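Visitor: Could you take me slowly through a single part of this protein, and show me how that part sits against its surroundings? I am in my first year, so please explain each step of the reasoning as you go.

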Amino acid sequence: MQDGQDVLAALLHASARTWRLSDGRGALSRGTAATPDAGAAFRRRFDLMALQRNLKALGTFGYQTTTRGNPVYMQYVPRTLTYVRRTLNRDPRFARLGELLGGLVDELRYNSRPS
């Protein structure tokens with residue numbers, strides 16, 4: 001998976017490259033070229049969405065395991081932690097969140113492993 005977010009994020013990333021999305025609406029559908037600034041803005045929003053989705057997924061995995069007694073989701077925790085760590089390390093605006101989460105989860109320590 002490119003950049004290792006999650007399945008939906010990987011699909012969106014591939015679609016972004018294919019469609020040359022500039023601002024989430026698709027430059028090709030408007031017949032305009034994507035610009036580097038618009039691509040960067042899309043990437044920032046995309047990373048935020050992926051981070052939110054993966055943090056929510058980790059909460060769901062924990063809930064299912066501890067409260068519902070359903071450990072099947074535990075297999076997805078290491079990969080999802082990797083996705084979260086990569087996103088936290090890639091964007092400086094997530095530095096404080098990375099510090100806070102890293103204090104609670106060793107695998108999310110800021111720059112704990114190469115992305």
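Guide: A residue is called buried when its relative accessible area is under 20%, exposed when that value is over 50%, and partly exposed in between. With a relative accessibility of 52%, Pro71 therefore counts as exposed. Please keep in mind that what you see is a predicted model.

Pro71 is a useful place to begin, since this residue lies in the loop between helix 3 and helix 4, and that pair of helices is the part we shall look at closely. Although Pro71 and Phe61 are 10 residues apart in sequence, their C-alpha atoms are 8.1 Å apart in space.

For the setting, the protein has 5 helices and 0 strands, which gives the pattern α-α-α-α-α when read along the sequence. Of its 115 residues, 34% are buried.

Helix 3 covers residues 36-66, and at 1.5 Å a residue its 31 residues should span 45 Å; the C-alpha atoms at its ends are indeed 45 Å apart, so the expected and modelled spans agree. Its buried residues include the phenylalanines Phe42, Phe46 and Phe61, and also Asp47, Asn54 and Gln64.

After the loop comes helix 4, residues 77-90, where the same reasoning can be applied: 14 residues at 1.5 Å each should span 20 Å, and because the end C-alpha atoms are 20 Å apart, the two values agree. Helix 4 is mostly covered, with 10 of its 14 residues buried; among them are Val77, Leu81, Tyr83, Val84 and Leu88, together with Thr80, Arg85 and Asn89. What covers them can be traced to two neighbours, for the buried residues of helix 4 pack against helix 3 and helix 5, the latter being residues 95-102.

Now consider how the two helices meet. Their axes lie 9 Å apart and the helices pack at an angle of about 145°, with helix 3 passing helix 4 in a left-handed crossing. On the side of helix 3, the contact is made by Arg43, Asp47, Leu51, Asn54, Leu55, Leu58 and Phe61, while helix 4 contributes Val77, Thr80, Leu81, Tyr83, Val84, Thr87, Leu88 and Arg90. Sorted by character, the residues of this contact divide into 9 nonpolar, 3 polar and 3 charged.

Several names now come together: Asp47, Leu51, Asn54, Leu58 and Phe61 belong to the contact and are also listed among the buried residues of helix 3. Phe61 thus appears once more, as the residue whose C-alpha atom is 8.1 Å from that of the loop residue Pro71.

Methods: Residues are numbered from 1 along each chain as its sequence is written. This is a predicted model: local features need pLDDT of at least 70, side-chain atom pairs count only at pLDDT 80 or more; totals for chains, interfaces and linings use all residues. Side-chain values use heavy atoms; hydrogens and water are left out. Helices (H or I, at least four residues) and strands (E, at least two) are DSSP runs, numbered from the N terminus. The expected span of a helix is 1.5 Å times one less than its number of residues. Buried means under 20% relative accessible area, exposed over 50%, partly exposed in between (1.4 Å probe, protein chains only). Axes are lines fitted to C-alpha atoms, for helices over the stretch in contact, and angles run from 0 to 180 degrees between N-to-C directions. A crossing is left-handed if the near helix is turned anticlockwise from the far one by less than a right angle, and right-handed if clockwise. Contact means heavy atoms within 4.5 Å. Ala, Val, Leu, Ile, Met, Phe, Trp, Tyr, Cys and Pro count as nonpolar, Asp, Glu, Lys and Arg as charged, and the others, Gly among them, as polar.
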